[in-house]
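Subject: Handover of a structure and notes on its features

Dear colleague,

I am handing over the structure below for your records. Please look through it before reading the notes that follow it.

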Amino acid sequence: MAKVFVSTFPFCRTSKVALDILVSKGHEVLINPLGRKMKPIEVSESARDFDALIAGTEDLTDLVKNSKSLKLISRVGVGLDSVPLDLCKEKGVSVAYTPDAVSPAVSELAVCLIVDAMRKVTYADREIRRGEWTRPYGERIGGATIGILGFGRIGKRVASHLLGYLPKEILVCDLIEKKDSIRMLSEVASNLYQVNRELGKNWGATTIKQVDLDSLLKLSDVVTIHVPLTAETKNLINEKNMSLMKSSAVLINTARGGIVNEDDLYKVLKENLISAAAMDVFEEEPYKGPLSNLENVILTEHMGSCSNDCREDMEREAAENVVGFFNGGKWEKVV
């Protein structure tokens, strides 16, 4: 049977289901002993002699380059920006993921952060702890224009959650990748408009429509990000286009660090060019940067997937992908 290294942290914190699945099939399992996110060199040194890796968001380039035994990477989650897919293909390393299990938890955290940022919940908490009591005013989702950047599994769930608040409208900007550029989905034929019409028809009161990125930023009271990190989306949200946003607007990122330029965001928030931001993801994690010094930003610990049920589902599916690969069953294939 296979030797399996688990680099993701945490793993089996509240449920041992995933570990039991692996052990019951005879696989030898070693779990990340560091109690934190592993650095690329640490993953490479720890896992290079293993047959399979159950991974989180750790950069796996060094491992794939240096390992002669690795046959499978099983991602706990949906994002693949940390996996060198071309190199995996070249070296015959298969890649699996868990695309559906994470969506409910991330979409709910996104809505939570939207409400928090708009109504200044965390800000009020900080005031009380300082002995202050100003009762800050905020904005409601009801009657607001919500911008959703990326309309895949998670973006669609966010829209469905928000429709119950009766926003004025939901604007969708979905991006499709080309080898040489990125363009708006509205430029090509798709069934997205049909999906949007069905959502609007089912809920009745809210208009949902597709717009380009500049329009999304200019018109929205909230912009929530749900695109993958790629070469094309790196620094996609920067000082230049954040300057298009309303001064009362808030920006939410539960997708990936690096999509929002953090230095530019610091400047925009410092100068109060937008009202607030909420960041669950960062270029380097754990985050220790200057955004920590600002009052008008909410910072969380890349915890979009960290509900007990969704985390158990993700880990279980990642383990099942390992079992499927080595024991001849089903697994969610990427490469």
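The notes below cover the sheets, selected strands, backbone features, cysteines and one pocket.

This is a predicted model, in which local features need pLDDT of at least 70 and side-chain atom pairs count only at pLDDT 80 or more, while totals for chains, interfaces and linings use all residues. Residues are numbered from 1 along each chain as its sequence is written, and side-chain values use heavy atoms, with hydrogens and water left out.

The two sheets

Helices (H or I, at least four residues) and strands (E, at least two residues) are DSSP runs, numbered from the N terminus. Two strands are said to pair if DSSP finds at least two bridges between them.

One open sheet holds five strands in the order β2-β1-β3-β4-β5, and its pairing is parallel. At its edges are β2 (28–31) and β5 (94–96), each of which pairs on one side only. On average, neighbouring strands of this sheet are turned by 20° against each other, direction ignored. Such angles are taken between axes, which are lines fitted to C-alpha atoms (for helices over the stretch in contact), and run from 0 to 180 degrees between N-to-C directions.

Another open sheet is formed by seven strands, in the order β10-β7-β6-β11-β12-β13-β14, again with parallel pairing. Here β10 (207–210) and β14 (297–299) stand at the edges with a single partner strand each, so one side of each has no neighbour in the sheet. Neighbouring strands of the seven-stranded sheet are turned by 15° against each other on average, direction ignored.

Selected strands

In the five-stranded sheet, strand β3 (residues 52–55) pairs with β4 in the parallel sense over four bridges. Ala-52 stands opposite Leu-72 in β4. In a regular strand the side chains alternate between the two faces of the sheet. From strand β4 (residues 72–75), Leu-72 and Ser-74 point one way and Ile-73 and Arg-75 the other, and all are buried. Buried means under 20% relative accessible area, exposed means over 50%, and partly exposed lies in between (1.4 Å probe, protein chains only).

In the seven-stranded sheet, strand β6 (residues 145–149) runs parallel to β7 and is joined to it by five bridges. Leu-149 is opposite Cys-173 in β7. Strand β7 (residues 169–173) is largely enclosed by the rest of the structure, because five of its five residues are buried. Glu-169, Leu-171 and Cys-173 point one way from β7, whereas Ile-170 and Val-172 point the other way. Further along this sheet, strand β12 (residues 250–253) and strand β13 (residues 276–279) pair in the parallel sense over four bridges. Ile-252 has Ala-278 in β13 as its bridge partner.

Backbone features in loops

The peptide bond from Phe-9 to Pro-10 is cis, with omega near -5°. Pro-10 is found in the loop between β1 (3–6) and α1 (17–24). The bond from Glu-285 to Pro-286 is also cis, with omega near 0°, and Pro-286 is in the loop between β13 and β14.

Asn-235 is not a glycine, yet has a positive phi of about 55°. This residue is placed in the loop between β11 (222–225) and α10 (239–242), and is partly exposed at 27% relative accessibility. His-302 likewise has a positive phi, near 45°. His-302 lies in the loop between β14 and α12 (308–327) and is partly exposed, with a relative accessible area of 23%.

Cysteines

How many disulfides does a search of the whole structure find? The search finds zero, a disulfide being a pair of cysteine sulfur atoms within 2.5 Å. For Cys-12, the closest cysteine sulfur is in Cys-306, 14 Å away and too far for a bond. For Cys-310, the closest cysteine sulfur is also in Cys-306, at 10 Å, again too far for a bond. Cys-12 is buried at 1% relative accessibility, and Cys-310 is buried at 4%.

The second largest pocket

The second largest pocket has a volume of about 620 Å³. Of the 24 residues that line this pocket, the closest to its centre are Lys-37, Thr-57, Asp-59, Phe-282 and Glu-283.A pocket is defined on a 1 Å grid over the protein atoms alone, as an open set of points where a 1.4 Å probe fits, with protein on both sides within 12 Å along at least five of seven lines; lining residues have an atom within 4 Å of a point. Grid points are joined across faces, edges and corners, and the volume is the space filled by probe spheres set on the points.

Yours faithfully
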